[in-house]
Amino acid sequence: MPARTGQQYISGLKDRPREVWLDGERVKDVTAHPALRNGAQSVAALYDMQHGPSLREEMTFASPSTGDAVGLSFLIPRTIDDLVRRREMMSRWAWASCGMMGRSPDFMNTIFSAWAGSSPYFAQDRPEFERNVLNYHEFIRENDVTLTHALVNLQRRRTAGPADTLSGEVALTLVKETDAGIIVKGSRTLATLGPISDEIAIYPVASHRLGEDAQRQSFSFAIPCDTPGVKFLCRESFDFGRSHFNHPLGSRFEEMDSVVFFDNVLVPWERVFLLGDVELCNGYAAGTQSDTHTGHQVLSRCLVKAEFILGLASLIVETLGSSGIPHVQEQVAELITQRDVLRACLRAAEADAAMNQWGMMCPDVNAIRAGRTIFGRSIYPRMVEIIQLLGTGSLMALPAEADFSAGIAPELEQYLATDTATARDRAALFHLAWDVSCSAFAGRQVLYERMFGGNPVRNSLALYNNYDKEPFQRKVRQFLDAEDWP
Ligand SMILES: Cc1cc2nc3c(=O)[nH]c(=O)nc-3n(C[C@H](O)[C@H](O)[C@H](O)COP(=O)(O)OP(=O)(O)OC[C@H]3O[C@@H](n4cnc5c(N)ncnc54)[C@H](O)[C@@H]3O)c2cc1C
């Protein structure tokens with residue numbers, strides 16, 4: 001089955017019920033449950049875009065196995081043009097959720113495509129693991145599989161230091177090897193999109209290093225979400241069943257985060273990509289350059305999101321008639337600068353892309369890291385703050401959709417219209433601004449952007465310790481030592 005339709009994705013979820021727990025209830029059908037179904041429909045809409053007559057060309061490429069059209073995020077880039085083409089496709093998917101669905105399937109597709117492009121890395125563990133990676137990449141590409149991942153082990157306690165304190169009681173741990181595969185038991189967090197994915201990938205997270213004695217927690221594999229013993233525990237849903245008018249984002253783009261428990265789960269050998277080698281597990285992201293490829297997807301989406309926030313901010317200003325106020329202009333100008341910084345990082349990542357040792361074209365790691373880091377750490381939280389500062393009381397003077405057909409409607413029309421907007425248009429806009437900046441959905445978006453790329457403190461420590469600062473120190477020394485400058 002090449003590039004799927006939305007209906008094929010939904011049918012796939014229905015056909016393979018998995019163990020999902022939500023608010024004390026075992027969910028029978030994730031495509032029908034009110035907390036999850038609209039998120040699933042939004043993912044389905046992405047798959048449908050692959051079949052739109054005008055977009056098919058731009059969303060797919062010819063499968064190297066069959067020649068059929070398959071999703072472009074499965075491409076192993078060989079040229080800068082490939083990266084640009086893939087980014088354009090990923091940006092189209094990002095626009096479909098206004099940048100709010102971090103886990104559109106292209107996120108995971110880029111990881112496995114990068115691994116396939118760097119497959120000899122896995123042979124360093126065991127020769128057959130390289131073949132497993134290549135076969136799995138072909139399998140997900142040809143079947144347009146939707147993936148989630150859960151990389152972080154739960155811990156009973158945290159100690160400062162580069163390596164996690166893992167306990168076999170809670171961390172996902174190898175129980176034994178059998179003829180059929182490996183048996184694992186324990187827990188992982190967080191699987192965003194987990195309940196509405198086809199398969200779950202497990203591998204280490206680059207920001208959390210495994211200790212030297214963590215052989216039994218060192219592995220990489222992927223299995224179907226309905227594998228016996230795999231259990232998803234959902235957080236509260238932020239789709240409260242309200243209309244698109246009242247909750248424009250939460251009612252559409254709930255991608256659901258979940259903790260995953262593994263109760264003696266069998267992973268067939270052909271689905272194991274790394275096993276027992278702490279060093280290879282700790283080094284896979286840099287060793288395969290998969291982090292630059294997911295970063296390329298992330299940055300493409302972040303730029304879309306920044307542009308969406310900029311558009312929203314300028315509509316708020318226009319609607320409230322506040323565009324002549326200097327500090328309002330300054331705040332919108334800050335959003336413009338942030339958007340342009342992200343775009344510059346993305347363009348630099350592509351312009352400075354280079355071939356890795358396995359013959360795969362990789363975006364520039366520094367430009368990718370800079371854009372990702374600054375977006376999560378400062379740009380996105382500040383963007384949300386600016387929406388609050390621009391919207392202020394209008395974020396609360398917010399009639400519900402039903403109020404416009406109730407006895408209070410005449411007052412709404414009289415008092416809430418502005419020079420440029422009817423009361424209803426104003427309310428629609430500010431419901432969106434509220435869902436970006438104040439709602440539970442909005443809070444989770446900020447947390448997501450801050451944390452999904454791993455613990456930012458540990459990422460900073462890794463950057464400090466691995467970044468080559470010597471050329472810059474040399475310049476300063478030259479200045480200090482110079483009798484005459486320049
Ligand atoms: C909305 C959301 C979605 C996510 N989606 C996914 C997903 O789909 N897949 C996935 O794998 N992960 C996902 N993540 C998880 C994310 O990778 C982790 O939350 C993140 O890596 C931080 O780990 P933690 O939550 O265990 O933090 P903790 O380790 O619990 O950290 C708690 C605090 O302790 C500090 N700390 C702990 N240990 C150390 C240390 N050794 N050195 C320095 N500081 C330390 C941290 O800085 C932090 O302040 C998601 C997270 C969020 C918030």
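Let's start at the ligand. Twenty-two residues surround it: of these 22 residues, Leu 151, Thr 192, Tyr 448, Met 451 and Val 457 come nearest. Two elements give two or more residues to that shell, helix H14, 440-451, and helix H15, 456-466. H14 supplies the largest share, four residues. By class, the shell holds twelve nonpolar, six polar and four charged residues. Keep in mind that this is a predicted model.

Now the helices. Two packed helices are described by the angle between their axes and the distance between the axes. I have two pairs to show.

Pair one is H4 with H9. H4 covers residues 80-96, and H9 covers residues 290-320. Their axes come within 9 Å and cross at roughly 50°. That angle makes H4 oblique to H9. The crossing is right-handed. Who makes the contact? On the H4 side, look for Leu 83, Arg 87, Met 90, Ser 91, Ala 94 and Trp 95. On the H9 side, look for His 296, Gln 297, Ser 300, Arg 301 and Val 304. The contact of H4 with H9 is made up of five nonpolar, four polar and two charged residues.

Pair two keeps H9 and brings in H11, residues 365-391. Here the angle is about 20°, and the axes are 10 Å apart. Are these two helices parallel or antiparallel? An angle under 35 degrees counts as roughly parallel. H9 and H11 are therefore roughly parallel to each other. Their crossing is left-handed. From H9, the contact residues include Thr 292, Gly 295, Leu 299, Ala 306, Ile 309 and Val 317. From H11, they include Val 365, Arg 369, Phe 375, Ile 379, Met 383 and Leu 390. By class, the contact of H9 with H11 divides into 17 nonpolar, five polar and two charged residues. One residue to click on is His 296. His 296 of H9 is in the contact with H4, and His 296 is also in the contact with H11.

On to the strands. Strands of a sheet pair through backbone hydrogen bonds, either parallel or antiparallel.

Take S8 as the reference, residues 181-189. What pairs with S8? S6, residues 152-153, pairs with S8 in the antiparallel sense over two bridges. Asn 153 stands opposite Arg 188 there. S7, residues 173-177, is joined to S8 by four bridges, again antiparallel. Thr 173 has Lys 185 of S8 as its bridge partner. S7 and S8 form a hairpin, with three residues between them. Then there is S12, residues 258-268. S12 and S8 pair antiparallel over seven bridges. In that pairing, Ser 187 stands opposite Phe 261 of S12.

Last item: an open sheet of four strands. What is the strand order? Read S5-S9-S10-S13, with mixed pairing. The edges are S5, 147-149, and S13, 272-275, and each pairs on one side only. From one strand to the next, the twist averages 25°. At the S13 edge, three bridges join S13 to S10, residues 219-224, and the two run antiparallel. Phe 221 stands opposite Val 272 of S13.

To recap. H14 gives the largest share of the ligand shell. H9 packs obliquely with H4 and roughly parallel with H11. S8 pairs antiparallel with S6, with S7 and with S12. The open sheet runs S5-S9-S10-S13. That's the tour.

Note on methods: Residues numbered from 1 in each chain as written. Predicted model: local features only at pLDDT ≥ 70, side-chain atom pairs only at ≥ 80, totals over all residues. Near = placed C-beta within 6 Å. Nonpolar A, V, L, I, M, F, W, Y, C, P; charged D, E, K, R; others polar. Axes fitted to C-alpha atoms, helices over the stretch in contact; angles between N-to-C directions. Parallel < 35°, antiparallel > 145°, perpendicular 65-115°, else oblique. Left-handed = near helix turned anticlockwise from the far one by under 90°. Contact = placed C-beta atoms within 7 Å. Pairing = 2+ DSSP bridges.
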